[in-house]
Amino acid sequence: MKRIYLDNAATTPVAPEVIDAMLPFLRDTFGNPSSTHWHGRQARAAIERVRKQIAGYLGASPAEIIFTSGGTEADNCAIRSAVRTHGLQHVITSPTEHHAVLHTVEDLAAQGVVKMHLLQVDEQGRISLHELKQLLEKHPKALVSLMHGNNEIGTLNPIEEIADICKHYGAFYHCDTVQTMAHYPIDVSKIPIDYLAGSGHKFHAPKGIGFMYMRKKSKVHPLITGGAQERNMRGGTENVAGIVALGKAMELAQEHMQAHARHIRSVKQHMIELLRAKIPGVSFNGTSANTDNSLYTVLSISLPPSPHNDMLLFHLDLQGISASGGSACSSGAVKGSHVLAAIKHPAERGAIRFSFSRYTTREEVEHAVNVLQLLLSTDNPVELVRKNS
């Protein structure tokens, strides 16, 4: 059975060029970058090359880039550091943020450190900039944490406008760009973002490596103590091979961003057209069906009520199709998607998230839609699986 991977918002396959770039740092250049001998200096030089490279892509200075284990750590560090460093008492966010943001703010609120304010979202997951301004008029010295692109429903926030509003009121802006980093150009020299999070495994680097951008005026109180690494802002020996891989993945993405975007948008639009033609009653969550005004790597679909909806992802998997019902970080959770709940998605309708990368083909999405059509048209999906196995 040919297996088809359509869950790239959860993680992406590591690019062959990225593997080639990191192998020497697993095999030969294995020194501890904190060591002063030759082996250590070679590792340190590699880290600083990547730091400068990523800073260049973002319009930042190298000193503003801190390597982390991924997006969750970067979000945690940014939010907690901003609150502590600047004595902030209010955090404004939305109910559709990733749990790396929501749970962090909820934890601070439970401790009595901050008051949490949730912006309302409409049925497509869009915030109201007017409501944001109203809250900032009441609480100008606040942290605003609003993501760029939603990982479940594909809705994009207007980060340029949000950043300008925050700057106008003297608030600090933290942006989770985990889903959009290396897919969209982001220039912090033009967009006044104070903190930004990125994660390599969303753009074909390995898991376990990411970074935080922190504007110079801010200071990080490390989440992880015990060493002076990352300019005393993140203790622990650096993941040298992972950092090198992150740099290579970013380089490939930046060099081919427009071509990759054209390909992925084409594949996504093809799937939208097939779904509309073959699945009666299908609809789309968030703005994900708008290939020009949504996170182009994500397509969230809503299916008519059916007794088979609860097991649909399981049956797709048995047919060789890997997809998701929402955020992969909630896998195994008893509760459903907090994002779908926030946009009032009808509980009786099934929801599937398909997500794409530059390696996804039109033939793969055609096969996935055909399998989905078969599963929805049969009274016994289990028997269908037996016949095709």
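Let me start with strand 10, where both faces are covered: Val298, Ser300 and Ser302 on one side, and Leu299, Ile301 and Leu303 on the other, are all buried. Please keep in mind throughout that what we are looking at is a predicted model. In a regular strand the side chains alternate between the two faces of the sheet. For strand 10, six of the six residues are buried, so this strand is largely enclosed by the rest of the structure.

What sheet does strand 10 belong to, and in what order do the strands lie? It is an open sheet of three strands, with the order 9-10-12 and antiparallel pairing. The edges are taken by strand 9, residues 283–284, and strand 12, residues 350–355, each of which has a single partner strand, so that one side of each is left without a neighbour in the sheet. On one flank, strand 10, which covers residues 298–303, pairs with strand 9 in the antiparallel sense over two bridges, and there Phe284 has Ile301 of strand 10 as its bridge partner. On the other flank, strand 10 pairs with strand 12, again in the antiparallel sense, over six bridges, and if you want one pair to find on the screen, Ser300 has Arg353 of strand 12 as its bridge partner.

Let me move to strand 7, residues 195–199, where five of the five residues are buried, so that this strand too is largely enclosed by the rest of the structure. Tyr195, Ala197 and Ser199 point one way from the strand, while Leu196 and Gly198 point the other way, and all are buried. Which way do strand 6 and strand 7 run, parallel or antiparallel? They run parallel, and three bridges join them, with His174 standing opposite Tyr195 of strand 7. Strand 7 and strand 8, by contrast, pair in the antiparallel sense over five bridges, and here Tyr195 has Met214 of strand 8 as its bridge partner.

That brings me to the nonpolar interior. In soluble globular proteins, nonpolar side chains tend to be buried together. In this model the largest nonpolar core has 57 residues, and those with the most contacts inside it are Leu132, Val144, Tyr173 and Phe211. Among the elements that give two or more residues to this core are helix 1 (16–27), helix 2 (38–58), strand 2 (65–68), helix 5 (129–138) and helix 6 (159–169), together with strand 6 (172–176) and strand 8 (210–214). Helix 8 (240–255) is also on that list, and with ten residues helix 8 gives the most to this core. Apart from this core lies another one, of 33 residues, among them Ala9, Ile264, Phe354 and Val371.

A word on the cysteines, since somebody usually asks. How many disulfides are there? With a limit of 2.5 Å between the two sulfur atoms, the count comes to zero. Cys77 is in no disulfide, and the nearest cysteine sulfur, that of Cys175, is 16 Å away. Cys175 is likewise in no disulfide, its nearest cysteine sulfur being that of Cys166, at 10.0 Å. As for accessibility, Cys77 counts as buried at 7% relative accessibility, and Cys175 is buried with a relative accessible area of 0%.

One further residue to locate is Asn151, which is found in the loop between strand 5 (143–145) and helix 6. Is this loop residue buried or exposed? Asn151 counts as buried, at 6% relative accessibility. Its C-alpha atom is separated by 26 Å from that of Pro280, which lies 129 residues away along the chain.

Let me close with the chain as a whole, which has 13 helices and twelve strands. A compact globule of 389 residues would have a radius of gyration near 21 Å, and the chain, with 22 Å, agrees with that. Along its principal axes the C-alpha trace spans about 65 × 55 × 35 Å. Buried residues make up 56% of the 389 residues, and the accessible surface comes to about 16,700 Å², of which 52% belongs to carbon and sulfur atoms. Finally, among contacts between residues at least 6 apart in sequence, 74% join residues at least 24 apart.

Technical notes: Residues are numbered from 1 along each chain as its sequence is written. This is a predicted model: local features need pLDDT of at least 70, side-chain atom pairs count only at pLDDT 80 or more; totals for chains, interfaces and linings use all residues. Side-chain values use heavy atoms; hydrogens and water are left out. Buried means under 20% relative accessible area, exposed over 50%, partly exposed in between (1.4 Å probe, protein chains only). A nonpolar core is a set of buried Ala, Val, Leu, Ile, Met, Phe, Trp, Tyr and Cys residues joined through side-chain atoms within 4.5 Å. Helices (H or I, at least four residues) and strands (E, at least two) are DSSP runs, numbered from the N terminus. The radius of gyration is taken over C-alpha atoms; the globule rule is 2.2 Å times the number of residues to the power 0.38. Contact means heavy atoms within 4.5 Å. Accessible areas come from the Shrake-Rupley method with a 1.4 Å probe; for residues, only the protein chains shown count as cover. Two strands pair if DSSP finds at least two bridges between them.
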